[in-house]
Amino acid sequence: MLAWKSVLNQSGPTEFVFRVFTTVPELQTLLFLLSLLLYLLILCGNTAIVWVVSAHRSLRTPMYFFLCNLSFLEICYTSVVVPLMLSNVFGAQRPIPLAGCAAQLFFFGTFGGVDCFLLAVMAYDRFVAVCHPLHYALIMTRRLCVRTVAGSVGLAVFLAPLSALVFTLPFCHQREEINHFLCDGPAVMRLACGDIRVRQAFLYVVGILVLTVPFLLICVSYALITAAILRIRSAEGRQRAFSTCSSHLTVVLLQYGGCSVVYLRPQSGTSEDEDRHIALVYTFATPLLNPLIYTLRNKDIKSALRSAILRKAALEST
């Protein structure tokens, strides 16, 4: 709360603008159409997973409960960023007030943090499924699943306001241009005139808690899963056990790869343009690939989606 009061009482710049990707009209049109297409695909793909999991009783298991929440998060995550990005593609540089910029960073950090924590929870779910299959139903109860999701949301909401400390820094001008397409902490911090070391330390702490700690838990879970799979004698059994984890592991590598490069490496070794390009990956590629990975590599999802489409087509034809 103190961080947000400091933001609202900030006497520095009243607004920010985002640097445009290109000033060539043809490229602006292409970028707008491509970004809009990817955004619509993200909405459709993740909405389809939420709909299928919610509509089919056979998919009301812990794994698909977490997947449904992950897809909903991806919708929220991209919707915080992409609409504002699309409104600035054509070079209008529409200003965003300081409080609005801080709000976008808060929600971006919250949804991103919940995403990372949820991936760690899903790794634990896969650990229980592979290493303790006979006790899976007793361990992964509905109450535990709801509490882990609620705990992930609560922890992310608790950590996100620390990012608002970036906006308590003094800035040099009444209108600052951010070399990014969103109000990202490192990009905003580069515009400050004062000493950024304390705020930079806070961002590193948040980055470690949101990225490093969950990733280490995921690594421990998969180390135990790998050990359990190697003890399975039949090749078919090992293949089946590994297939239950491969989709989640692919998503983890996509999510943590780009975010770690931006938020955990030293600022002195970063390029603003590199950060912006990497941010495009975890803003568009990861939310777009999540439903594709889980749909193409999961027979239950494919079967349920196929039956739902056929049922809807049959109802419309009658």
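## Strands, rings and a pocket

User: Which residue stands opposite Val17 in β3?

Analyst: Val17 faces Glu177 there. Keep in mind that this is a predicted model.

User: What makes β1 and β3 a pair?

Analyst: Two strands pair when at least two bridges join them. β1 and β3 share four bridges, so they pass that test. Their sense is parallel. Another contact between the two strands is Phe16 with Glu176, its bridge partner in β3.

User: How do you know that β1 and β2 pair?

Analyst: Count the bridges again. There are two between β1 and β2, and at least two are needed, so the strands count as paired. Here the strands run antiparallel. Phe16 is opposite Ile96 of β2, and Glu15 has Pro97 as its bridge partner in that strand.

User: Why is the pairing in the sheet called mixed?

Analyst: The sheet is open and its three strands come in the order β2-β1-β3, with mixed pairing. One pairing, β1 with β2, is antiparallel. The other, β1 with β3, is parallel.

User: What makes β2 and β3 edge strands?

Analyst: Each of them pairs on one side only. The order β2-β1-β3 puts β1 between them.

User: Which residues of β3 are on its covered face, and which on the uncovered one?

Analyst: Glu176 and Ile178 make up the covered face of β3. Arg175 and Glu177 make up the uncovered face. The general rule is that side chains in a regular strand alternate between the two faces of the sheet.

User: Why is Ile178 called buried?

Analyst: Ile178 belongs to strand β3. Its relative accessible area is 0%. Buried means under 20%, so Ile178 qualifies. As for distance, the C-alpha atoms of Ile178 and Leu191 are 7.6 Å apart, with their positions 13 residues apart in sequence.

User: Why is the pair of Phe16 and Phe167 called edge-to-face?

Analyst: The structure holds nine aromatic pairs. In the pair of Phe16 and Phe167, the ring centres are 6.0 Å apart and the planes make an angle of 80 degrees. Centres must lie within 6.5 Å, and planes over 60 degrees apart count as edge-to-face, so both conditions are met.

User: What makes this a link between distant parts of the chain?

Analyst: Phe16 is in strand β1, while Phe167 is in the loop between α6 and β3. They are 151 residues apart. Phe16 and Phe167 also form one aromatic cluster with Phe171.

User: How do you know that Phe16 is buried?

Analyst: Phe16 has 0% relative accessibility, and the limit is under 20%, so it counts as buried. Phe167 is also at 0%, so it too is buried.

User: Why does Arg57 count as exposed?

Analyst: Arg57 has 70% relative accessibility, and exposed means over 50%, so the label fits. Arg57 lies in the loop between α2 and α3. Its C-alpha atom is 10.0 Å from that of Ala304, which is 247 residues away along the chain.

User: How do you know that the end-to-end span of α2 agrees with the expected one?

Analyst: α2 has 31 residues, and at 1.5 Å a residue the expected span is 45 Å. Its end C-alpha atoms are 44 Å apart, which agrees. Buried residues of α2 include Tyr39, Ile42, Ile49 and Val52.

User: Which elements give two or more residues to the lining of the second largest pocket?

Analyst: The lining residues include Phe117, Thr148, Leu155 and Leu217. The elements giving two or more residues are α4, α6 and α8. The largest share, five residues, comes from α6. The pocket has a volume of about 190 Å³.

User: What makes Gly151 in this lining polar?

Analyst: Glycine is counted among the polar residues, so Gly151 falls in that class. By class, the lining has nine nonpolar, three polar and no charged residues.

User: How many helices and strands does the chain have?

Analyst: The chain has eleven helices and three strands. Of its 318 residues, 46% count as buried.

Methods: Residues are numbered from 1 along each chain as its sequence is written. Side-chain values use heavy atoms; hydrogens and water are left out. On a 1 Å grid over the protein atoms alone, a cavity is a set of points where a 1.4 Å probe fits but cannot get out, and a pocket is an open set with protein on both sides within 12 Å along at least five of seven lines; lining residues have an atom within 4 Å of a point. Grid points are joined across faces, edges and corners, and a volume is the space filled by probe spheres set on the points. Rings of Phe, Tyr and Trp (its six-membered ring) pair if their centres lie within 6.5 Å; planes under 30 degrees apart count as stacked, over 60 as edge-to-face and the rest as tilted. Buried means under 20% relative accessible area, exposed over 50%, partly exposed in between (1.4 Å probe, protein chains only). The expected span of a helix is 1.5 Å times one less than its number of residues.
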